[in-house]
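The following exercises concern helix packing and nonpolar cores. Please work through each task with the sequence and structure in view before reading its solution.

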Amino acid sequence: MPVAEQGLALNPDYAFLHFAHGMAAVRLRNADTTIRAVLSPHDPSIFAFKTLLGIGLMLRGEPDDLSTARVHLREGASFERTTYYPFIGAALLGLRAGNTDEVRIWISDPLKKFPNLNAEYVREAAHPFYEGSPYCDYLDRLIEQGLGSPPRERSV
């Protein structure tokens, strides 16, 4: 992270470098640095910052953080140019809260936008975020809630 910090000292308005710094902080499980990575609401990548803020709050895991994380993930999911990350993060929060109806909604929405999304894809892509966190075991439970298993390979 020192390289990102040096870059931000040279150009504190470089939005993507703030995002990269936040991603590195997630990898290092530094929730506070992840949360501080969020920038201007006018940035075209704000969906990524909202998502990253939600994930950082999830990782920190304080009770107030979890409700705030849900808000930021919902906002991240609302943008046209979003990814599936805020949806999966919100689904994981729903699982943690025991709200299966909420989980099913958060899973069905990204499947409309990303029809090839499945649990194995999420596990591989989200591995650095969730491994060793309280959410790691929840990924399997997303299959039960409708995320879907990876497609089986066909034998020829």
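**Exercise 1.** Determine how helix 4 and helix 5 are oriented to each other.

*Solution.* Helix 4 and helix 5 are roughly antiparallel. This model is predicted. Step one: the axes of helix 4 (residues 46-60) and helix 5 (residues 63-77) come within 8 Å and cross at roughly 160 degrees. Step two: angles over 145 degrees count as roughly antiparallel, so the crossing angle falls in that class. Step three: the crossing in which helix 4 passes helix 5 is left-handed.

**Exercise 2.** Identify the residues through which helix 4 and helix 5 touch, and classify them.

*Solution.* On helix 4, the contact is made by F47, K50, T51, L53, G54, I55, L57, M58 and R60. On helix 5, the partners are D65, L66, T68, A69, H72, L73, E75 and G76. Sorted by character, the residues of this contact comprise eight nonpolar, five polar and four charged.

**Exercise 3.** Describe the largest nonpolar core and state which helix supplies its largest share.

*Solution.* The largest nonpolar core has 28 residues, and I88, L92, V122, L142 and L147 have the most contacts inside it. At least two residues of this core come from each of helix 4, helix 5, helix 6 (85-97), helix 7 (100-113), helix 8 (119-130) and helix 9 (138-144). Helix 6 gives the largest share, seven residues. With residues up to four places away in sequence left out, I88 touches L117, V122, L142 and L147. Another core, of 10 residues, lies apart from the largest one and includes F19, I46, A48 and F49.

Methods
Residues numbered from 1 in each chain as written. Predicted model: local features only at pLDDT ≥ 70, side-chain atom pairs only at ≥ 80, totals over all residues. Heavy atoms only, no water. Axes fitted to C-alpha atoms, helices over the stretch in contact; angles between N-to-C directions. Helix = DSSP H or I, 4+ residues; strand = E, 2+ residues; numbered from the N terminus. Parallel < 35°, antiparallel > 145°, perpendicular 65-115°, else oblique. Left-handed = near helix turned anticlockwise from the far one by under 90°. Contact = heavy atoms within 4.5 Å. Nonpolar A, V, L, I, M, F, W, Y, C, P; charged D, E, K, R; others polar. Core = buried A, V, L, I, M, F, W, Y, C linked by side-chain atoms within 4.5 Å. Buried < 20%, exposed > 50% of the residue type's maximum accessible area, 1.4 Å probe, protein only.
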